[in-house]
Amino acid sequence: MTRATPSRTERPKVWFVGAGPGAADLLTFRGAAAIAAADVVIWAGSLVSPDVLVHAGADAQVLDSSALTLEEVAAVYDRAVAERLVVARVHSGDPTLYGAVQEQVTECERRGLRWEIVPGVSSLGAAAAAVGRELTVPGVAQSVVLTRLATRTSDSMPPREQVRELARHGATMALFLSCSRPRALQRELEAGGYPPDTPCAVVHRATWPDELVLRCRLADLADRVRAARIHKQALVLVGPALADDGARSHLYHPAFSHEFRRATSVHPGATAPLHEPPGPPVDRGATAPLHEPPGPPVHRGATAPLHEPPGPPGADP
Ligand SMILES: C[S@@+](CC[C@H](N)C(=O)[O-])C[C@H]1O[C@@H](n2cnc3c(N)ncnc32)[C@H](O)[C@@H]1O
């Protein structure tokens, strides 16, 4: 293990824990250890299962963040400094996606309070799993655009990132926080050039007991979302990779050799077996070899927090 396991001895400290999309058994071991180490657990009660709280100590103070402002959370961080507390701030999915985590990191750094992010299973992976489709099908789509429709917090949305602009790539798109305006969403996707029969999937409350998966054509997206009365806690996946007829990968093709296997045949259309270029080991789950270019560590940059707007009946806070 290369990173420290969260412990009560490392204090004061804030752990930003990704709780996963819903089902409590998708919390990571490290996330559970951070919750267990905490004197104070602040959890997103509107999106995180209460079952993750079984990991909290009997004496831990438990606060629901859906009722708190950033200032009130920051007051807990003040207390963490003064009383040398461990805090677990439990976010839905992965904290780094629409998690409003950056503003809290800033609050920690202002106080000289140590912090660490524990990654979580995002609703992106949970939704794709529920649909049963790979989002990066060779020859069909090799990119996934994670975005949202501009809504009440439209000033969060840089103009170059309008859904219609991103849709022009025709890649797979995953739209968070966008089901309160399904007609606008459909219009934007169509304006970006996806044909009306582009396959879509809407996954509502992925991994929760009442998970709902809708599959439809883009032309029917808004009607289907409205008819199912979905306004929040849903991820929309769009793009040709969601069609049922996927292409096959190079990686497992008998004509493709790589570090762990020699080609045994010639790929149709090729004159000789395909060889992976020499390099570091491939990710064996990938559809093509994945190499990380050497480079300096990525700097943690600040971005504006993004919140889902309230939608008709009871949108996510
Ligand atoms: C504030 S964002 C948090 C995203 C979270 N950090 C993640 O990684 O999934 C909330 C939005 O994420 C998506 N979402 C979160 N949990 C979901 C779930 N279980 N099923 C489907 N979508 C979900 C929805 O688009 C929801 O409106």
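Start with the whole chain, coloured by secondary structure: 7 helices and 12 strands. Keep in mind that this is a predicted model. Of the 317 residues, 37% count as buried. Now turn on contacts between residues at least 6 apart in sequence: 69% of them join residues at least 24 apart.

**Stop one: the ligand**

Select the ligand and the 27 residues around it. Which residues come nearest? They are Pro 21, Gly 93, Ser 122, Ser 123 and Ala 206. Colour the shell by class next. You will find 13 nonpolar, 9 polar and 5 charged residues.

Now highlight helix 4, residues 123-131, and strand 10, residues 234-238. Each supplies at least two residues of the shell around the ligand. Helix 4 gives the most, with 3 residues.

**Stop two: helix 6**

Move to residues 182-191, which form helix 6. Show the side chains of Pro 182, Leu 185, Gln 186, Glu 188 and Leu 189; these are the buried residues of the helix. Look down the axis. Why do these residues sit on the same side of helix 6? Because they cover an arc of only 165 degrees around the axis.

Next, show what covers those buried residues. The cover includes helix 5 (163-167), strand 7 (172-176) and helix 7 (221-227). Strand 10 is also part of the cover. You have met strand 10 already, as a supplier of the ligand shell.

**Last stop: the end of helix 6**

Step just past helix 6 and select Gly 193. Check its backbone: Gly 193 takes a positive phi of about 110 degrees.

Technical notes. Residues numbered from 1 in each chain as written. Predicted model: local features only at pLDDT ≥ 70, side-chain atom pairs only at ≥ 80, totals over all residues. Helix = DSSP H or I, 4+ residues; strand = E, 2+ residues; numbered from the N terminus. Buried ≥ 20, exposed ≤ 12 C-beta atoms within 10 Å, placed from the backbone. Contact = placed C-beta atoms within 7 Å. Near = placed C-beta within 6 Å. Nonpolar A, V, L, I, M, F, W, Y, C, P; charged D, E, K, R; others polar. Arc of directions from axis to C-beta.
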